[in-house]
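Me: I would like to work through the helix packing and the nonpolar core of this structure, one point at a time. Could we take it as questions with reasoned replies?

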Amino acid sequence: MTARPLRKALPFMLSLALGACATPAPPTPAPSADEASQASETTTEPTPVATRKRPPVPGTNPLPDPLPAMPLEQAKAAFVRDTAAKYGVDAGYIESVLANADMRESIIKAMSRPAEAKPWRDYRPIFISQARIDGGQAFMARHRDALARVESRTGVPAEIIVAIIGVETSYGANTGSYPVVDALYTLAFAYPRTGDPAKADRENRREAFFRGELAQLFALGKEQRLDVTTLKGSYAGAMGWGQFMPSSYREFAADGNGDGRIDLFNSTDDVFASIANYFVEKGGWTRGGPITVRAMRAPDARDFEPEGLYPDMTVAQLGGMGYRPMAASIAPDEPALLINLDGVSGREHWLGFDNFYAITRYNISKHYAMAVYQLSEAIAGRENPLADTAAPAAADGA
Ligand SMILES: [Ca+2]
């Protein structure tokens, strides 16, 4: 990975972010009804950048080291041994679950064609449709009070939580039909290989990642008293209304209804609390902070594609390069990322802020985060994204 442009110019910002990473803030206790109503009245003023906790800078490679190559039976025996030792799960039980698991060709095929790889003009209509907007507004109305409580406690807007559930599972209608054990078993021991040497390291790391997820599924079953053999999820092993992987379920899911268990399959209170907690703890969500705005490109601006998704420039710097936010309310020192999209009406430019980055921690893709954002705006009734997708007049200068 090469150095990102202007990273050297931002040591102060980086040290802030690293500091925030090393010393996470203690959890905030749930506010009383009075405090909650005050909080919701004060959410319009974002915290100044200089005093704000920024999301942690991502590591150079979030995936684990590749595993040593060995024959399948030997690899499975090592997995059983290691998982039993690490999580205190009975080795005979793990062995019997794996013996009954199926390696599925359909999972390997699905893994090889992610929607996020499509250009924005083809990706967007999958999620920004009248049916999904209507579904989101109905869902929001049905769960208004529960969502408002989570929003006032965490600062994560109700419409963002709803949009995540809408994009992930069509509001809980499609939480996945693959046995989670089969999905993780397949990807843990037969991760699809393209044969392209340039991709081999990533594929090996992905396999190691899924082996870790399969191990954590056994830990999760023990901790949450779930029969892992009955769980259904996506082809990648993501579970419940918000599609949590086992590691995220264990680390970030929260008990929203206080019954002592975390049930992401049946309890909407647990689902809402878990998604919000994920945004705050994993994404560093800033209460009241901006997410993304359309940018105007000056005719002489240089084209460039940022490496990665972390906002490591500022609005002022990007403005100096010819990309200005089409909203007056964004502070010049706001950390920002240039987002280029190939839309239906041509090239679009946007500025993504820390809260946009937070959405990408849910699924590492600018297309995913933009779809969630645009769906959330439509659900909240602020935008009608289906009315006009044309580029604003003179915005692109090209
Ligand atoms: Ca619960």
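**Helix packing and the core**

Reply: In this predicted model, the buried residues of helix 13 are Asp270, Val271, Phe272, Ala273, Ser274, Ile275, Ala276, Asn277, Tyr278, Phe279 and Val280. Helix 13 is thus mostly covered, and the number of its 14 residues that are buried is eleven.

Me: Which helices do the buried residues of helix 13 pack against?

Reply: Helix 13 covers residues 268–281, and its buried stretch includes Phe272 and Tyr278. The partners of these buried residues are helix 8, helix 9, helix 12 (246–252) and helix 15 (354–360).

Me: How far apart are the end C-alpha atoms of helix 13, and what span should its 14 residues have?

Reply: The expected span rests on a rise of 1.5 Å a residue, which for the 14 residues of helix 13 gives 20 Å. The end C-alpha atoms agree with that expectation, since their separation is 20 Å.

Me: At what angle do helix 8 and helix 9 pack?

Reply: Leu147, Ala148, Val150 and Glu151 of helix 8 meet Ala158, Ile161 and Val162 of helix 9, and these residues divide into six nonpolar, no polar and one charged. The axes of helix 8 and helix 9 lie 8 Å apart, and the angle is about 115°.

Me: Which helix gives the largest share of the largest nonpolar core?

Reply: The core has 90 residues, with Ile161, Leu184, Leu351 and Val372 having the most contacts inside it, and it draws at least three residues from each of domain 1 and domain 2. The largest share, nine residues, comes from helix 16 (residues 366–379).

Technical notes:
Residues are numbered from 1 along each chain as its sequence is written. This is a predicted model: local features need pLDDT of at least 70, side-chain atom pairs count only at pLDDT 80 or more; totals for chains, interfaces and linings use all residues. Axes are lines fitted to C-alpha atoms, for helices over the stretch in contact, and angles run from 0 to 180 degrees between N-to-C directions. Helices (H or I, at least four residues) and strands (E, at least two) are DSSP runs, numbered from the N terminus. Two residues are in contact if their C-beta atoms, placed from the backbone, lie within 7 Å. Ala, Val, Leu, Ile, Met, Phe, Trp, Tyr, Cys and Pro count as nonpolar, Asp, Glu, Lys and Arg as charged, and the others, Gly among them, as polar. A nonpolar core is a set of buried Ala, Val, Leu, Ile, Met, Phe, Trp, Tyr and Cys residues joined through C-beta atoms within 7 Å. A residue is buried if 20 or more other C-beta atoms lie within 10 Å of its own, exposed if 12 or fewer, and partly exposed in between; C-beta atoms are placed from the backbone. Domain bounds come from an automatic or database domain assignment. The expected span of a helix is 1.5 Å times one less than its number of residues.
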